[in-house]
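Me: Please take me through one part of this structure in close detail. I am in my first year, and I would be grateful if each term were explained when it appears.

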Amino acid sequence: MLSTLPLPSAIMFAVAAVFAFVGAWLLAELRRPLTEARVYAYRMVGVMALSGGVVLALSAAAMWQWSLEP
């Protein structure tokens, strides 16, 4: 099945994985004590990066599926 994965979709999946990893890491950092400014920034950037990764992965999956249709 992966043999049908087009290069643009593979790149999108890779970028989505990076975004999701960075977002999850930032949110995981909230478990330790941080300044109020860092908590705000980590929450905002973490949630946006994680959601951006999810949306980009969904778009890559849709583009992959559309490339398989005749």
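Reply: Let us begin with S9, which is in contact with A60, M63 and W64 when its neighbours within four places in sequence are left aside; contact means heavy atoms within 4.5 Å. The model is a predicted one, in which local features need pLDDT of at least 70 and side-chain atom pairs count only at pLDDT 80 or more, while totals for chains, interfaces and linings use all residues. Residues are numbered from 1 along each chain as its sequence is written, and side-chain values use heavy atoms, with hydrogens and water left out.

S9 belongs to helix α1. Helices are DSSP runs of H or I with at least four residues, strands are runs of E with at least two, and both are numbered from the N terminus. S9 has a relative accessible area of 0% and is therefore buried; buried means under 20% relative accessible area, exposed means over 50%, and partly exposed lies in between, with a 1.4 Å probe and protein chains only.

One of the partners of S9 is A60, which lies in helix α2. A60 is likewise buried, because its relative accessible area is 0%. Seen from A60, and again without neighbours within four places in sequence, the contacts are S9, M12 and F13. A60 can also be related to A16: the two are 44 residues apart in sequence, and their C-alpha atoms are 8.7 Å apart in space.

The contact between S9 and A60 leads to the two helices themselves. Helix α1 covers residues 7-28 and helix α2 covers residues 36-68; they pack at an angle of about 160 degrees, with their axes 7 Å apart. Axes are lines fitted to C-alpha atoms, for helices over the stretch in contact, and angles run from 0 to 180 degrees between N-to-C directions. Helices α1 and α2 are therefore roughly antiparallel to each other, a term for angles over 145 degrees, whereas under 35 is roughly parallel, 65 to 115 roughly perpendicular and the rest oblique. Their crossing is left-handed, which is the case if the near helix is turned anticlockwise from the far one by less than a right angle; clockwise would be right-handed. By class, the contact of α1 with α2 contains 21 nonpolar, six polar and one charged residues. Here Ala, Val, Leu, Ile, Met, Phe, Trp, Tyr, Cys and Pro count as nonpolar, Asp, Glu, Lys and Arg as charged, and the others, Gly among them, as polar.

On the side of α2, the residues Y42, G46, A49, G53, A60 and W64 are buried, and the buried residues of this helix pack against α1. Helix α2 has 33 residues and reaches 48 Å from its first C-alpha to its last, close to the 48 Å expected at 1.5 Å a residue; the expected span is 1.5 Å times one less than the number of residues.

Other residues of α1 may be set beside S9. A17 lies in α1 and counts as partly exposed, because its relative accessibility is 44%. A17 and G53 are 36 residues apart in sequence, yet 6.3 Å apart in space from C-alpha to C-alpha. P8, also found in α1, is partly exposed, with a relative accessible area of 48%. The C-alpha atoms of P8 and W66 are 12 Å apart, with their positions 58 residues apart in sequence.

Finally, E29 lies in the loop between α1 and α2. With a relative accessible area of 16%, E29 is buried. Apart from its neighbours within four places in sequence, E29 is in contact with L34 and Y42, and Y42 is one of the buried residues of α2.
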